[in-house]
Amino acid sequence: MAKTDFDIPQLEEYTETPALEVGTMAHSKPFVAKVQFQEPLGYPGELPEDWQKQAIDAMGDLLGKYRSLQVYLDSCVKCGACTDKCHYYLGTKDPKNMPVGRQDLLRKVYRRYFTFAGKYFPALVGAKDLTKDVLDDWYSYFHQCSQCRRCSVFCPYGIDTAEISMAAREIMARIGVGQKYCNEIIGKVFKIGNNLGLPEAALADTLEGLEEDVEDETGVAVKYPLDQKGADILLVTPSADFFAEPHVDGLIGYGKVFHEAGVSWTLSSKASEAANFGMFIGSYENMRRISMRIREAALELGVKRIIFGECGHAWRVAYSFLNTLAGPFDFLDPKYPVPQHILEFTWEEIQKGTLNIDKSANDDMVLTYHDSCNVARASRMGTEPGGQFMIPRNVIKAVCNNFVDMAPETIHENTFCCGGGGGLLTDDLMELRVKGAKPRMEALSHVIEEHGVTNMAAMCAICKSQFTKVLPYYGMSMDMIVSVHQLVSNAIVLTGQHTDEDQVSTGDEQVAA
């Protein structure tokens with residue numbers, strides 16, 4: 001069990017609605033972005049003197065642009081259906097982490113300045129002036145929402161708390177109160193091309209190392225090309241895939257699948273990042289600037305199709321927004337969807353019989369699968385409804401003999417967030433991340449106890465990073481989390497791959513020499 005300076009929630013047999021503890025997370029807030037992280041995104045570096053006016057003007061601008069925002073702010077009837085659906089409320093017990101409680105922080109200000117009743121009879125409708133205390137509450141609690149949209153599934157009016165949180169963050173960034181973690185990362189993408197700030201030389205060195213590792217292990221020269229003009233496929237993947245386990249094991253799997261499929265592909269140093277943190281801060285303009293790098297890379301390299309790697313919110317942005325943000329993509333081959341997910345590609349190849357699979361290679365594991373929020377509730381895969389749930393599981397079952405799902409009320413569209421999404425994957429929010437992971441940890445602990453599950457697969461870079469960090473807080477091993485394509489990589493038998501006997505023979509020859 002990891003050491004903390006906060007109480008770790010106790011896992012329960014059944015998730016229960018906790019008793020309220022008012023203000024228990026009021027202290028939680030991420031570091032505020034300094035001027036060097038604000039200005040590259042087009043925001044001021046500090047709070048201006050007339051910040052209230054600018055904030056209200058920004059709210060009016062967003063209400064004019066997005067009709068849905070006004071609908072969400074007007075339509076809540078306080079029915080309570082959402083109250084116990086947020087993982088952060090279940091883990092922290094703070095009533096302002098109830099979706100309706102968090103929405104009301106913005107709704108009260110909206111009513112005060114944009115409704116007749118709020119302007120003239122504010123006390124009657126719960127309208128509130130925008131003060132510094134209110135702004136501080138916004139900054140704290142709108143950074144305690146991972147924008148997972150689980151509450152929206154249960155809301156009878158379909159109110160999207162994620163969109164309200166995005167709007168609040170955009171308003172705050174416009175008045176100089178942006179979040180350091182997200183804004184610093186977006187600036188790195190603009191300057192270098194990826195969230196981690198890995199320059200082209202570092203990428204090339206990493207990919208060269210992967211080629212050597214795969215050839216040493218299999219005897220097959222699988223290539224991981226960078227900036228290869230004329231390739232058919234541009235792979236856009238989260239930069240975590242270049243950096244750490246289990247992410248890099250998934251990247252190895254992508255390359256093996258492409259190799260066996262006989263397709264030409266490439267990564268791009270210009271667009272070496274699938275993630276788009278512009279969504280987390282609610283900035284359409286910054287989302288567009290990041291997405292345009294993908295379009296420009298595809299044009300420069302002359303590719304025919306774009307495939308995205310394992311990243312949850314990146315797939316949401318790609319699936320839901322890419323054509324609007326950076327389209328049209330009429331220069332790509334119309335035979336293929338724009339965009340396409342690597343799991344769609346891999347599942348097609350499995351169905352065609354292209355891949356030689358040895359499922360026993362994963363027999364040391366009993367697997368379960370975590371549905372990532374943005375994939376589950378904001379996208380699709382394949383041509384069938386529910387493809388975003390079926391295709392990942394189909395791939396896992398095709399390469400593994402031992403798979404079991406978690407409880408039905410915790411998967412598919414009901415899935416619980418990992419606790420670190422929405423731009424909250426930063427160590428200054430560690431308490432929130434650990435407490436927010438509680439519902440998923442409970443579901444996982446049940447299948448460990450009942451079915452002997454040893455590992456949990458995920459197809460989201462943020463989920464994998466979050467679980468690696470929080471699993472030890474609940475007495476579980478950090479290496480329990482695996483990439484879906486890590487499992488694929490384990491099971492693929494490459495054409496010409498040497499056998500275990502070949503490796504033993506080679507080792508004996510080296511010793512004799």
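## Buried cysteines, a β-α-β unit and a few odd backbone spots

Cys 418 is tucked away in this predicted model: its relative accessible area is 2%, so it counts as buried. Cys 460 is buried too, at 6% relative accessibility. What is the distance from the sulfur of Cys 460 to the closest cysteine sulfur? That one belongs to Cys 463 and sits 3.7 Å away, which is too far for a bond. A disulfide needs the two sulfur atoms within 2.5 Å, and by this rule the count comes to 0 disulfides. Cys 418 is in none either; for Cys 418 the nearest cysteine sulfur is again that of Cys 463, at 3.9 Å.

Now for the chain as a whole. DSSP runs give it 23 helices and 7 strands. The radius of gyration is 24 Å, close to the 24 Å that the globule rule gives for 513 residues, so the chain is as compact as a globular protein of that length. Along its principal axes, the C-alpha trace spans about 90 × 50 × 40 Å. Buried residues account for 57% of the 513 residues. Take the contacts between residues at least 6 apart in sequence, and 81% of them join residues at least 24 apart.

Strand S6 (residues 455-458) is a good place to zoom in. In a regular strand, side chains alternate between the two faces of the sheet. Are the residues on the two faces of S6 buried or exposed? Asn 455 and Ala 457 on one side are buried, and so are Met 456 and Ala 458 on the other, which leaves both faces covered.

S6 also has strand partners. Strand S5 (residues 367-369) pairs with S6 in the parallel sense over 3 bridges, with Tyr 369 standing opposite Ala 457. Strand S7 (residues 481-483) pairs with S6 as well, in the parallel sense and over 3 bridges; here Met 456 has Ile 481 as its bridge partner. Add helix H21 (residues 461-470), and S6, H21 and S7 make a right-handed β-α-β unit.

Over in helix H2 (residues 51-65) there's Lys 53. With 52% relative accessibility, Lys 53 counts as exposed. The Lys 53 side chain makes a polar contact of 2.8 Å with the side chain of Asp 57. Ile 175 is 122 residues away from Lys 53 in sequence, yet their C-alpha atoms are 9.6 Å apart in space.

Then come the backbone oddities, listed here with their loops.

| Residue | Backbone feature | Loop |
|---|---|---|
| Pro 246 | cis peptide bond with Glu 245, omega about 0 degrees | between strand S1 (233-236) and helix H13 (247-261) |
| Pro 328 | cis peptide bond from Gly 327, omega near 5 degrees | between helix H15 (312-326) and strand S4 (340-341) |
| Lys 93 | positive phi of about 70 degrees | between helix H4 (87-92) and helix H5 (99-114) |
| Arg 149 | positive phi of about 75 degrees | between helix H8 (132-141) and helix H9 (150-154) |

Lys 93 has its positive phi although it is not a glycine, and Arg 149 is likewise not a glycine. How does Lys 93 stand for accessibility, and what is its relative accessible area? Lys 93 is partly exposed, at 32%.

Key:
Residues are numbered from 1 along each chain as its sequence is written. This is a predicted model: local features need pLDDT of at least 70, side-chain atom pairs count only at pLDDT 80 or more; totals for chains, interfaces and linings use all residues. Side-chain values use heavy atoms; hydrogens and water are left out. Buried means under 20% relative accessible area, exposed over 50%, partly exposed in between (1.4 Å probe, protein chains only). Helices (H or I, at least four residues) and strands (E, at least two) are DSSP runs, numbered from the N terminus. Two strands pair if DSSP finds at least two bridges between them. A crossover is right-handed if, with the strands pointing away from the viewer, the path from the first strand over the helix to the second runs clockwise. A polar contact is a pair of N or O atoms within 3.5 Å; within protein, one must be able to donate a hydrogen and the other to accept it, and residues adjacent in sequence count only if both atoms are side-chain atoms. The radius of gyration is taken over C-alpha atoms; the globule rule is 2.2 Å times the number of residues to the power 0.38. Contact means heavy atoms within 4.5 Å.
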